[in-house]
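Q: Could you take me on a close look at one part of this model, please? I'd like to know what surrounds it, and then hear about some helix packing too.

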Amino acid sequence: MTFVDLKEIRVSYDGKQDILKDLSISMEKGELVSLLGPSGCGKTTTLRVIAGLIKPNDGTFELDKDDLTKVPVHKRNFGMVFQSYALFPHLTIAENVAFGLKLRKESKATTKEKVEKMLEVCGLENLGDRYPKQLSGGQRQRVALARALIIEPKLLLLDEPLSNLDAKLRVAMRIEIKRIQQQLGITTVFVTHDQEECFSISDKVAIMNNGVIEQYDSPEKIYRLPKTKFVAQFIGFENFFEVTKTEGNQYQSQSGQLFTTTNPQPSVTGTVATIRPEDIEITKEVTQETVEGTVVVRTFLGKSYQYEVTTPLGELLVNGTSEQTYETGDKINLAFPADKLVVLEK
Ligand SMILES: Nc1ncnc2c1ncn2[C@@H]1O[C@H](COP(=O)(O)OP(=O)(O)O)[C@@H](O)[C@H]1O
Ligand SMILES: [Mg+2]
């Protein structure tokens, strides 16, 4: 059942250019959904519409079938954690966490009980009497999360909450966020521009580009079956070549190369096909569907080597194992497994 429902949201800050263009997205209760996309694509703007910090020019926002489009931010009671999660420096950790309850004039006894429980959920037990400056970055981050969660919000909004942490701590904290989110069953919208971070914790991912959602699917599906060239490029596909459908699930490139795909096909007949470097096979077998190329550059990736290969299809990037390596100038044969070749919608 749909819990969060954004319908045809249009936002223009200056009245000229649309920053969000009829953006629609729905989420189920308890899901963790990420908005992923390059800087400036409209992720924060979308979150601000949900939070009630800005009003959309057009469109509606419903939560649990209630139209909240015109409800102001302080009446929505959502939990929010932003990139710069300023804690109150003169308040203790427990007082920081209790803040939202104090605003609601919650009784002292209930507040104490809830704060204790929330400190425990967020792994901050025994730190309640300290001040923010006495905590590490990761601990402060968890205080911000605890402070957002203590009001038991219907929705938790996180805008790049990990971007001020170093790489190792970011990984630890994203696991923490997922754990707490699951434990409390709280519907969460998570904004990030980091693909790995987003795929690792999300139930669903919306890939945004220039004010529109290009694809909304599970991370597994997006990783394997991007729908558009933008999405494919954003998540690490390489090797794009124009193809035309010949028959059934067969395609032909401009150079006459034939391809077969067993993946879902778009309705358009002339389009672009793509494949990840690690999915192209270097093979001894020569068939109608293999292509010969010449190695131009070899780079070392740790687990594998990557070759830039000149072929009739253009320059391709191909990964190879360390068991068999090739040198600049070597001729190699490439095969494109039908279950790995993806034909894009646009
Ligand atoms: N308050 C504002 N006034 C005018 N333009 C803004 C404002 N906030 C954001 N923008 C513009 O809207 C676009 C989307 O911004 P934003 O939603 O912050 O993107 P993201 O979070 O994906 O980086 C950007 O081009 C940005 O410059
Ligand atoms: Mg942003």
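A: Happily: in this predicted model, Asn 263 touches Arg 224, Leu 225, Ala 338, Asp 339, Lys 340, Leu 341 and Val 342, leaving aside residues up to four places away in sequence (contact means heavy atoms within 4.5 Å). Local features need pLDDT of at least 70 and side-chain atom pairs pLDDT 80 or more, while totals for chains, interfaces and linings use all residues. Residues are numbered from 1 along each chain as written, chains are lettered from A and ligands numbered from 1 in written order, and side-chain values use heavy atoms, without hydrogens or water.

Asn 263 sits in the loop between β13 (258–260) and β14 (270–275) (strands are DSSP E runs of at least two residues, helices H or I runs of at least four, numbered from the N terminus). Its relative accessible area is 7%, so Asn 263 is buried (under 20%). The Asn 263 side chain also reaches the backbone oxygen of Asp 339 at 3.1 Å.

Now to the helices. The axes of α2 (residues 93–103) and α4 (residues 137–149) come within 7 Å and cross at roughly 30° (axes are fitted to C-alpha atoms over the stretch in contact, with angles from 0 to 180 degrees between N-to-C directions). That makes α2 roughly parallel to α4 (under 35 degrees). Here Ile 93, Asn 96 and Val 97 of α2 meet Val 143, Ala 146 and Arg 147 of α4. With α3 (residues 108–121), α2 packs at about 120°, the axes 10 Å apart. On the α2 side, this contact uses Ile 93, Ala 94, Val 97, Ala 98 and Leu 101; on the α3 side, Thr 111, Lys 114, Val 115, Met 118 and Leu 119.

Technical notes:
Buried < 20%, exposed > 50% of the residue type's maximum accessible area, 1.4 Å probe, protein only. Polar contact = N/O pair within 3.5 Å; in protein donor to acceptor, adjacent residues only side chain to side chain. Parallel < 35°, antiparallel > 145°, perpendicular 65-115°, else oblique.
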